[in-house]
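Dear colleague,

I am passing on the structure we spoke about, together with some notes on what came out of it. Please look through it before reading on.

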Amino acid sequence: MLKRRELLLGAAGSLAGRRLWAGEGDGVEALSSLTGKKALIRRAFRPPNYETPLADLVAPFTRNDAFFVRYHLAVIPEVDPRAWRLEVGGASAQRPFSLSLEDLKRGFESVTLAAVNQCSGNRRGLFVPRVPGVQWGHGAVGNARWRGVRLRDILHRAGVGADALEVWFRGADSPVLPSTPEFHKSLPVERALDENTLVAFEMNGEPLPHWNGAPARLIVPGWTGTYWMKHLTGIRVEAQPLDNFWMKVAYRLPTGAFPGVRFVSQENPQTTPITEVLVNSLITSHVSGARLARGRHAELRGKAWDNGAGIERVQISTDARRSWRDATLARDLGRFAWREFSLPLDTAKPGPLTVAVRARSRSGLQQPDTLTFNPAGYHDNIVQSVDLEVV
Amino acid sequence: MRRTPQRLGVAAVVLLAPALALSGAPRVPSEADVQLKDGPGRELTSSRCTICHSLEYIPANAPAMDRGAWQKTVQKMRERFGAPVSDEEAQAILNYLDAAYSGKS
């Protein structure tokens with residue numbers, strides 16, 4: 001059963017504010033459960049796309065049963081971990097081999113890393129003007145501890161040829177029709193060889209949940225979720241750029257419009273693949289329309305994250321963004337994790353209280369005030385504000 | 001590896017529904033609850049789109065859509081995703097989607 005608080009937060013945003021929460025007024029926002037998951041905000045039954053309600057983004061680590069679910073294709077096998085194999089090969093791999101899950105766990109050094117996984121289209125439903133696609137609100141994001149092995153250790157066992165350009169990935173999920181392109185993705189070889197890129201088999205100390213990529217998935221800290229291949233079954237080291245719909249057409253931005261490392265082998269003068277997560281933040285303690293009791297202690301809290309440079313500071317304004325105060329940052333959970341922030345709110349005077357939050361990365365980037373429009377609705381990291389009232 | 005369509009997950013939930021009803025919990029919603037608006041072309045649209053996806057993608061996207069955007073979407077489903085839709089059917093689906101779900105202001 002849902003708790004009242006979850007219902008309230010899950011349906012948040014039905015009140016004032018220039019930007020609407022996703023799904024508002026469309027009659028489609030509903031909470032419902034997938035097997036093994038708590039009630040999440042359902043964006044679509046099939047392929048399953050479910051986002052995490054705000055109430056479940058309050059904890060430092062997002063629970064496995066609350067973590068968002070995102071699929072492109074509807075045939076999603078329940079992979080038997082005993083039968084699962086990971087094929088490692090490709091034209092630029094010198095010694096192709098395959099692994100069982102036990103081989104993966106025992107054959108390489110295991111590491112644990114805390115990282116935010118954020119869908120490229122998180123907040124698409126807040127875009128003005130609106131753009132087509134899954135109409136995500138704020139909840140296509142979560143933070144977890146991922147345990148697995150370094151992809152580079154696997155690649156070194158296979159032997160990376162001098163001409164290697166990209167590493168291609170495939171997963172066990174597939175399309176309904178053979179005419180639909182399989183969801184295969186690639187990474188630049190240097191990102192695949194980064195020590196932080198993992199093949200993970202545990203999430204928050206438990207085996208990966210089915211809906212989050214069991215039995216093993218790719219973890220690409222600092223890069224958007226599209227590269228975090230679920231139900232990983234194949235890795236290929238190649239000297240050619242991967243040429244398919246999901247690389248050449250989808251998940252692309254206007255070239256030069258955003259900061260972030262370039263994916264050069266996939267870039268053209270017009271468009272370039274989305275890569276790194278932009279500095280961002282989320283208020284988790286309050287939603288627009290909330291009332292604060294006059295004279296009573298109130299604290300604004302939330303999370304801030306970026307591409308792994310780390311959060312330098314979070315600032316809060318209560319005077320229409322004219323002046324800013326530094327929020328207190330909580331313990332650093334790791335540079336790819338999100339950072340919790342808090343700041344007491346002044347509740348002495350009755351009346352409306354609009355609170356804006358902006359985060360700044362150690363890379364020097366700060367959340368912008370205005371959206372850089374792009375037709376696919378990616379990279380919404382503009383300064384968030386909530387309209388509260390002291391009564 | 002066992003290849004089980006996601007539909008089986010939905011079926012399992014549906015099978016649980018009577019037990020939940022007895023316990024007084026609300027009925028578990030399913031894909032079948034999503035119905036498109038009445039209008040010419042509704043059945044055709046429903047039958048073709050549900051080959052690959054449930055229908056709430058359509059109302060959910062309505063605020064972002066006008067005839068031109070629906071035209072691009074129908075074309076994308078046919079050309080990029082290989083939807084088995086003839087030229088004639090595509091026209092009827094476009095007319096239906098535009099009439100029922102063009103919500104862009």
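Between chain A and chain B of this predicted model there are 2 salt bridges. One of them joins Arg46(A) to Glu31(B), where the closest N and O atoms are 2.7 Å apart. Across the same interface of chain A and chain B, 12 residue pairs are in polar contact, counting pairs in which both residues have pLDDT 80 or more.

On the side of chain A that touches chain B, the elements giving two or more residues are strand E2 (40-44) and helix H5 (245-248) of chain A, and E2(A) contributes the largest share, 3 residues. By class, the residues on that side of chain A comprise 24 nonpolar, 9 polar and 6 charged.

As for extent, the contact involves 39 residues from chain A and 34 residues from chain B, and the area buried between the two chains is about 3000 Å², with 61% of it coming from carbon and sulfur atoms. Phe45(A), Arg46(A) and Arg130(A) account for 24% of the area that chain A buries against chain B, which is more than any other three residues supply; Arg46(A) is thus named here as well as in the salt bridge with Glu31(B).

Turning to internal space, the structure contains 6 cavities of 30 Å³ or more, and the largest cavity has a volume of about 190 Å³. This largest cavity is lined by 18 residues, of which Arg70(A), Arg217(A), Gly225(A), Thr226(A) and Lys230(A) are the closest to its centre, and the lining divides into 8 nonpolar, 6 polar and 4 charged residues.

With best wishes

Methods
Residues numbered from 1 in each chain as written. Chains lettered and ligands numbered in written order. Predicted model: local features only at pLDDT ≥ 70, side-chain atom pairs only at ≥ 80, totals over all residues. Heavy atoms only, no water. Contact = heavy atoms within 4.5 Å. Buried area = accessible area lost by both parts, 1.4 Å probe. Salt bridge = Lys/Arg side-chain N within 4 Å of Asp/Glu carboxyl O. Polar contact = N/O pair within 3.5 Å; in protein donor to acceptor, adjacent residues only side chain to side chain. Helix = DSSP H or I, 4+ residues; strand = E, 2+ residues; numbered from the N terminus. Nonpolar A, V, L, I, M, F, W, Y, C, P; charged D, E, K, R; others polar. 1 Å grid on protein atoms, 1.4 Å probe; cavity = no way out; pocket = protein on both sides within 12 Å on 5 of 7 lines; lining within 4 Å. Points joined across faces, edges and corners; volume = space filled by probe spheres on them.
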